[in-house]
Amino acid sequence: MEAEAAKYIGAGLACFGMAGAAIGVANIFSNFLSGALRNPAAASSQFSNLIFGFAVTEALGIFSFLVALLLLFVV
Amino acid sequence: MADPNVVDPIHQFAITDILPFGDSGLGVTNASLFMILTTGLIAAYLILSTSRRAMVPNRFQVVSEMLYEFVARMVTDSSGKEGMKFFPFVFSLFMFILVANLFGMIPVFFTVTSHIIVTFALAMLVFVTVVIYGFVRNGPKFLKLFVPSGVPGYILPLVAVIEVISFLSRPISLSVRLFANVLAGHITLKVFAGFVVSMSGLGFLGWLGALLPLALTVGITALEFLVAVLQAYVFALLTSMYLNDAIHPGH
């Protein structure tokens with residue numbers, strides 16, 4: 001297999017990593033929502049934890065996208 | 001030159017010399033020009049808007065005060081009163097990344113944070129500050145950070161190694177998070193915009209069909225504005241949390 005073809009296949013495979021990150025992000029928001037609907041008074045105090053958890057989880061999905069971009073444009 | 005029928009999303013990140021200083025690379029490039037503009041805009045806005053120090057602030061002073069209070073509250077919540085010693089540092093980081101990201105959203109402007117070296121330099125600043133201040137303030141007790149309380153003795157070495165590795169990965173994750181978010185966003189924008197152009201070249205039906213990637217481009221631009229602000233906030237928040245680790249080591 002030529003290196004070009006392997007690069008494109010690798011880039012496509014790297015995108016599977018975003019599935020896990022997507023589930024993780026959905027997990028965070030769904031737990032926040034269910035907690036906020038049970039205890040609305042405490043919801044706004046946890047908003048900054050929500051944003052922090054979202055950013056850290058999304059970073060992992062972005063890392064996998066970065067691997068795909070590296071394969072396409074840098075290797 | 002690239003084939004005009006194929007979208008080339010990478011060319012926007014190329015660094016070009018504007019005022020070259022011979023071959024040394026020390027001249028003014030588009031990246032350094034925009035960093036100068038970012039810092040200049042931040043300094044000019046903050047200084048001019050608060051120069052009157054009015055008790056009843058005008059609009060511009062309100063914005064400056066809101067930014068100050070936002071970051072101050074975040075630093076105090078994460079690192080306590082002693083963390084406010086680092087407020088100038090965190091505030092500068094937040095404003096620089098925020099304005100640099102927002103500058104990148106303007107059509108022709110260059111996005112400074114889309115280069116790993118820029119975000120890595122910022123992340124290493126944070127990391128080195130945390131390590132040095134941690135040792136200066138706590139002495140060898142700073143290493144208690146890697147030994148969480150309540151861990152049974154037999155598994156302690158493994159946990160300590162894992163903690164050290166995760167501590168050393170902080171500058172990498174901090175820099176790559178910002179860099180990859182901005183890079184991915186701008187590449188996506190360029191690719192979708194390229195779809196609009198290439199579809200509208202296909203006659204009348206293509207022109208109608210090009211409305212879909214146009215709508216997507218508008219949506220993604222909105223998302224990119226959100227990401228620009230959010231990533232600045234997250235960088236500053238994580239900086240405050242890492243500084244909290246330096247001030248109060250040990251879980």
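Mentor: pLDDT is the predictor's confidence in each residue, on a scale from 0 to 100. The model is predicted, so local features need a pLDDT of at least 70 and side-chain atom pairs count only at pLDDT 80 or more, whereas totals for chains, interfaces and linings use all residues. Residues are numbered from 1 along each chain as its sequence is written, while chains are lettered from A and ligands numbered from 1 in the order in which they are written.

Trainee: What do the confidence scores say about chain B, and what do they say about chain A?

Mentor: Chain B averages a pLDDT of 90, with 98% of its residues scoring at least 70, and chain A averages 92, with 100% of its residues scoring at least 70. Within chain A, the mean is lowest in α4(A), at 89, and highest in helix α2 (residues 17-38), at 95. For the model, the scores are ipTM 0.84 and pTM 0.91.

Trainee: How many helices and strands does chain B have, and what makes a stretch count as one or the other?

Mentor: Helices are DSSP runs of H or I with at least four residues and strands are runs of E with at least two, both numbered from the N terminus. On that basis chain B has eight helices and two strands, running β-β-α-α-α-α-α-α-α-α from the N terminus.

Trainee: Why does F96(B), in helix α3 of chain B, count as buried or exposed?

Mentor: A residue is buried if 20 or more other C-beta atoms, placed from the backbone, lie within 10 Å of its own, exposed if 12 or fewer do, and partly exposed in between. F96(B) has 20 C-beta neighbours inside 10 Å and therefore counts as buried. Contacts are likewise defined through C-beta atoms placed from the backbone, which must lie within 7 Å of each other, and F96(B) touches T38(B), T39(B) and I42(B), leaving aside residues up to four places away in sequence. I42(B) is 54 residues away from F96(B) in sequence, yet their C-alpha atoms are 7.6 Å apart.

Trainee: Why do L26(B) and R53(B) count as buried or exposed?

Mentor: L26(B), in the loop between β1 (17-19) and β2 (28-29) of chain B, counts as exposed because it has 10 such neighbours. R53(B), in the loop between α1 (30-49) and α2 of chain B, has 7 and therefore counts as exposed. R53(B) also has a positive phi of about 50 degrees, although it is not a glycine.

Trainee: How do you know that the length of α1(A) suits a helix, and how many of its residues are buried?

Mentor: The expected span is 1.5 Å times one less than the number of residues, so the twelve residues of α1(A) (residues 3-14) should span 16 Å, and its end C-alpha atoms are indeed 16 Å apart. The count of buried residues in α1(A) is zero, so that this helix is hardly covered. In α3(B), 19 residues reach 27 Å from the first C-alpha to the last, close to the 27 Å expected, and its buried residues pack against α1, α2, α4, α6 and α8 of chain B.

Trainee: What makes a set of residues a nonpolar core, and which residues have the most contacts inside the largest one?

Mentor: A nonpolar core is a set of buried Ala, Val, Leu, Ile, Met, Phe, Trp, Tyr and Cys residues joined through C-beta atoms within 7 Å. The largest has 48 residues, and V90(B), L93(B), F94(B), I97(B), F235(B) and A236(B) have the most contacts inside it. Elements that each supply at least two of its residues are α4 (47-73) of chain A and, from chain B, α2 (59-79), α3 (87-105), α4 (116-138), α6 (170-200) and α8 (211-247). The largest share, eleven residues, comes from α8(B). F235(B) touches L93(B), I97(B), L174(B) and L178(B), again leaving aside residues up to four places away in sequence.

Trainee: Why is the crossing of α4(A) and α6(B) called left-handed or right-handed?

Mentor: A crossing is left-handed if the near helix is turned anticlockwise from the far one by less than a right angle, and right-handed if clockwise. Axes are lines fitted to C-alpha atoms, for helices over the stretch in contact, and angles run from 0 to 180 degrees between N-to-C directions. The axes of α4(A) and α6(B) come within 9 Å and cross at roughly 60 degrees, and the crossing is left-handed. Residues making this contact include F63(A) and L66(A) of α4(A) and A180(B) and L183(B) of α6(B). In contrast, the crossing of α4(B) and α6(B) is right-handed, with an angle of about 145 degrees and axes 8 Å apart.

Note on methods
Two residues are in contact if their C-beta atoms, placed from the backbone, lie within 7 Å.
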